[in-house]
Amino acid sequence: MTSTETIYERLKKWLDKFVIGSGYTSITTGYITGELQFLVFIIVLSVFFRIFSIPLAIIMLIFITTFALYFAPVIKDVEKENMNDLNRVLFWMVIYFAIIIAITLWGG
Amino acid sequence: MMESISNLWSIPLLVIIPMLTAIIVNFLYDKAIKPISICSAIIILIISIISPYGYHWFTGHPAFNPDTLLFTFNPNIFGYRLSLEFIFGPLQHIMIVISSLILLFCVTLSTIGLTKRQGPYMALLYLLFMSSVIVIMVNDLYHLWIVVEIGSLIVVGVAAASGTSISHKAALKYAFFSAISGAGLAVSLALILGLTGFANISDAIIYLRQFGIGDMATVLYIAFGFFVLSWMYAGGLAPIHPLKSEVYGASYPHATVLLQVQSKLMLVAIGIIMLRLFSMLPFVKEVMIFLSVITMMIGVIMALIQVDFRWIIAYLIISHSGLVTLGIGLGTQEGLVGGIFQAVNDIIYMTILLLCCEALFYFGGKTSTKEAYGIAKKSPFITTAVILGAIAAAGIPPFNGFQSEIILIQACLKEGLPEIAVLILMVSVTTFIALLRGIYRIFLKPPELQDQDDSNVDLPKVLIIGIIIFIILSIIIGIYPDIVLRFIIPVVKEVLLI
Amino acid sequence: MIELSSSFIITAYIMLIAITIGAIAALLQKDLLRAAFISGAESIALAFFFQALLAPDLGLTQAIVGTVLLPGIIILGVFKTRRTEED
Amino acid sequence: MTEITIQLLGFIAATVLIVVGMGGMLFLDNLIKKVIAFTLLSDGVNLLLVALAYIEGGIVPILLPGMSISEFTSRAALVFPAGIVLTNIVIGVSTTAILVALVIMLYRRYGTLKASVILKGERR
């Protein structure tokens, strides 16, 4: 058992998680691109901790990258969280509102 | 000494002509609707082009100057204006000219596309235009709140007019949310009114700058929170984007053109008002930047995984609204110029894409990437146009998207936020990928079955002329950005000085 | 000038209780028709509260709109759909 | 211990109405109930604005004969919030009408009033 096969199989298995329905379709490419986009997005956001301190930013970068890679296909969860359910949107709105009020009050 | 009130003649006309057209068109037979609505759109376009700059004061109160203790009608003299007012300045000029040009094509297209119940639908389109005109001209909290509430009700109506069950559901969800955010904006208005005593925004800002907020800062924070709520809602920012994109996707494409114009203008108008009212508080700009970054990334990721071309464009509109608000949230001169310029460019290239999407309705009405095939063979023109629109949206140099994105990136780098510059680049690249997925499947991919009918479809001439005009506009602005920037820069300087 | 303040504050107390009970009761009803009527009654209490808060014109408007127009629209909706709430 | 005034009672009632209305819109499942909760929310905002305009020991803002302007301006309740409330009542009625119309249309299509059935999320 060579190592290349295992890596290939792992990659294949990882890619298979994106497949909806039968076979690879154009949606699958969209999902994979979206997954990579989301990963880069999270990594770039984690760099923002450099505003507070640079060592913290490095730690957060490593931590968040491992975390995101561990839960690899997060795109379906992202899609589910962005679904057009009224109650879900209201829930997120309340969370955002609470965060905004908390941040601004804390800042003042 | 007697000074006379000099209200600008064009502001009431810009508001009343759409309203009157909406009322008249409701009672007309189908044949009379078309000439009257097109004439009205042309009149609005001409008025908006030739109008001089000025003010409209509702109560006719003279302004009060606290230094000399005199009353005056001269708006250039510093003082409390004490009145509800509309402004028609350079920013309003460019925005209203572009949106009335768009209104002309949308109205003509809707008379061709719809066959029954044209009157009420046309009335809704005109009221939508009216709300977007008012929101960019408004300079007092009272009219701001009214126009946000009524504008959202009209959006509900336009979305429901599409007639499918998806659009009814989208409209109902949006209406419920409009109720909550409208109440929030009213509370915010009440808090600012209680804090300063002025409904005029310039007066409220002068009061806050002169006397400070003292120990009442908490009240202003809560007002800011509710303002952000209505901002998110009116422009479809991050937590609201599933509802707003559903509204964009479920309406007819020519109505979506006007819907996105309205939401861009609301984003710019409310964003500038927020920047002027609350920029003295800490963490305000950070909140605005955070919201816009989340919006533009989530919007573009959701656009990648859609299967319907209409929904791809709907999520891209959301994502590019994030770019607009990012520029406003930065709060510097470059940022504001980039944000407002991005709003103008966004309106233009999204109009190209949406008009091409409207053209798909004449080829059988299938917009899903699973169902539509090979439009390129039937209509090379539309295919070229949609690819040019995608290039403009991605920000590739000869087109207008490039000019505003480069300003935004420079503004981010100047502020010391290179990460956000990277994210803007990512958004523009991913926009192209997301659009190209849809374009390849729908336009370029050859049909799988050979027995498809090759019947010739006659596209309406208005659609073709509209697409050509907006592509030319896009290229002209891309090569000579100064023709738009010279309207925007004086306004930005004024906003940042006040 | 007649001092009305003491009588108004009693009105305000009663109307506060009435509004609270009315709002909660309207939302707890299983029968939607009855809920619409109770929300109309809550509007009457609100109109009296407006009166106590020195806005009699708004009280009149609220009394007309809140007891006739709004419950009317909701009752129309109830008749066009169904009267009782599903479990 | 602050003295209990009509204004304070108004603020309390407004808070009750806003909280009950928000809670109803968020947690109730029936669409008609959601509409009723919206009317309560709108009433709460109106009451907040009217209570804001109240002045303790003031008068109704009507210029009676024999009253000097200075006395009127110092004692009358504020007028501007009243204008806002009047607009809000009208907008509330039209919003309610649109909501009920959409609810009726969706009921005809789905045969139910449950928000968890009609407004649940779906993949496109």
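1. In this note, helices and strands are runs assigned by DSSP, with at least four residues for a helix (H or I) and at least two for a strand (E), and they are numbered from the N terminus. The model under review is predicted, and every value below should be read with that in mind.

2. Chain A is a convenient place for a newcomer to begin, since its secondary structure consists of five helices and zero strands, which follow one another along the sequence in the pattern α-α-α-α-α. Of its 108 residues, 31% are classed as buried. Among the contacts within chain A that have a separation of 6 or more, 43% link residues that are 24 or more positions apart.

3. On how the chains meet, four pairs of chains are in contact, and of these pairs it is chains C and D that share the most contacts. Two pairs do not touch: chain A and chain C have no contact, with their closest C-alpha atoms 18 Å apart, and chain B and chain C likewise have none, with 14 Å between their nearest C-alpha atoms.

4. The largest pocket holds about 1,700 Å³ of space, and its lining is made up of 44 residues, of which A:Phe41, A:Leu45, B:Phe290, B:Val293 and B:Ile294 lie nearest the centre. Chain A supplies at least two lining residues from each of α2 (26-46), α3 (54-70), α4 (75-81) and α5 (86-107), while chain B does so from each of α9 (241-250), α11 (284-304) and α12 (309-330). By class, the lining of this largest pocket comprises 35 nonpolar, four polar and five charged residues.

5. Which helix gives the most to the lining of the largest pocket? That helix is α11(B), with eight residues, and its own geometry deserves a comment. The 21 residues of α11(B) should span 30 Å at 1.5 Å a residue, and because the C-alpha atoms at its ends are 31 Å apart, the expected and modelled spans agree. This helix is also mostly covered, given that 18 of its 21 residues are buried.

6. Just before α11(B), the reader should look at B:Phe283, which sits in the loop between α10 (253-278) and α11 of chain B. The phi angle of B:Phe283 is near 70°, a positive value in a residue that is not glycine. Is B:Phe283 buried or partly exposed? With a relative accessibility of 30%, B:Phe283 falls between the limits of 20% and 50%, and it therefore counts as partly exposed.

7. A comparable backbone feature is found in chain C, where C:Leu54, also not a glycine, has a positive phi of about 65°. C:Leu54 lies in the loop between α2 (32-52) and α3 (56-80) of chain C, and because its relative accessibility is 9%, C:Leu54 counts as buried.

8. The second largest pocket has a volume of about 1,100 Å³. It is lined by 42 residues, of which B:Pro120, B:Leu124, B:Ile154, B:Gly157 and B:Ala161 are the closest to its centre. The elements that each supply at least two residues of this lining are α1 (10-26), α4 (118-137) and α5 (141-160) of chain B, together with α4 (80-110) of chain D. The lining of the second largest pocket divides into 29 nonpolar, nine polar and four charged residues.

9. As for enclosed space, a search of the whole structure finds six cavities of 30 Å³ or more, and the second largest cavity has a volume of about 80 Å³. Which residues lie closest to the centre of the second largest cavity? Of the 13 residues in its lining, they are B:Glu149, B:Ala183, D:Phe38, D:Ser42 and D:Asn88. Two or more lining residues come from each of α5 and α6 (165-196) of chain B and from each of α2 and α4 of chain D. The lining of the second largest cavity has seven nonpolar, five polar and one charged residues.

10. Helix α2 of chain D, one of the helices that line that cavity, covers residues 31-53, and its 23 residues reach 34 Å from the first C-alpha to the last, close to the expected 33 Å. Because 22 of the 23 residues of α2(D) are buried, this helix is largely enclosed by the rest of the structure. At its N-terminal end, α2(D) is capped by D:Asn30, whose side chain places an oxygen 2.9 Å from the backbone nitrogen of D:Ile32.

Key: Residues numbered from 1 in each chain as written. Chains lettered and ligands numbered in written order. Heavy atoms only, no water. 1 Å grid on protein atoms, 1.4 Å probe; cavity = no way out; pocket = protein on both sides within 12 Å on 5 of 7 lines; lining within 4 Å. Points joined across faces, edges and corners; volume = space filled by probe spheres on them. Nonpolar A, V, L, I, M, F, W, Y, C, P; charged D, E, K, R; others polar. Expected span 1.5 Å × (residues − 1). Buried < 20%, exposed > 50% of the residue type's maximum accessible area, 1.4 Å probe, protein only. Polar contact = N/O pair within 3.5 Å; in protein donor to acceptor, adjacent residues only side chain to side chain. Contact = heavy atoms within 4.5 Å.
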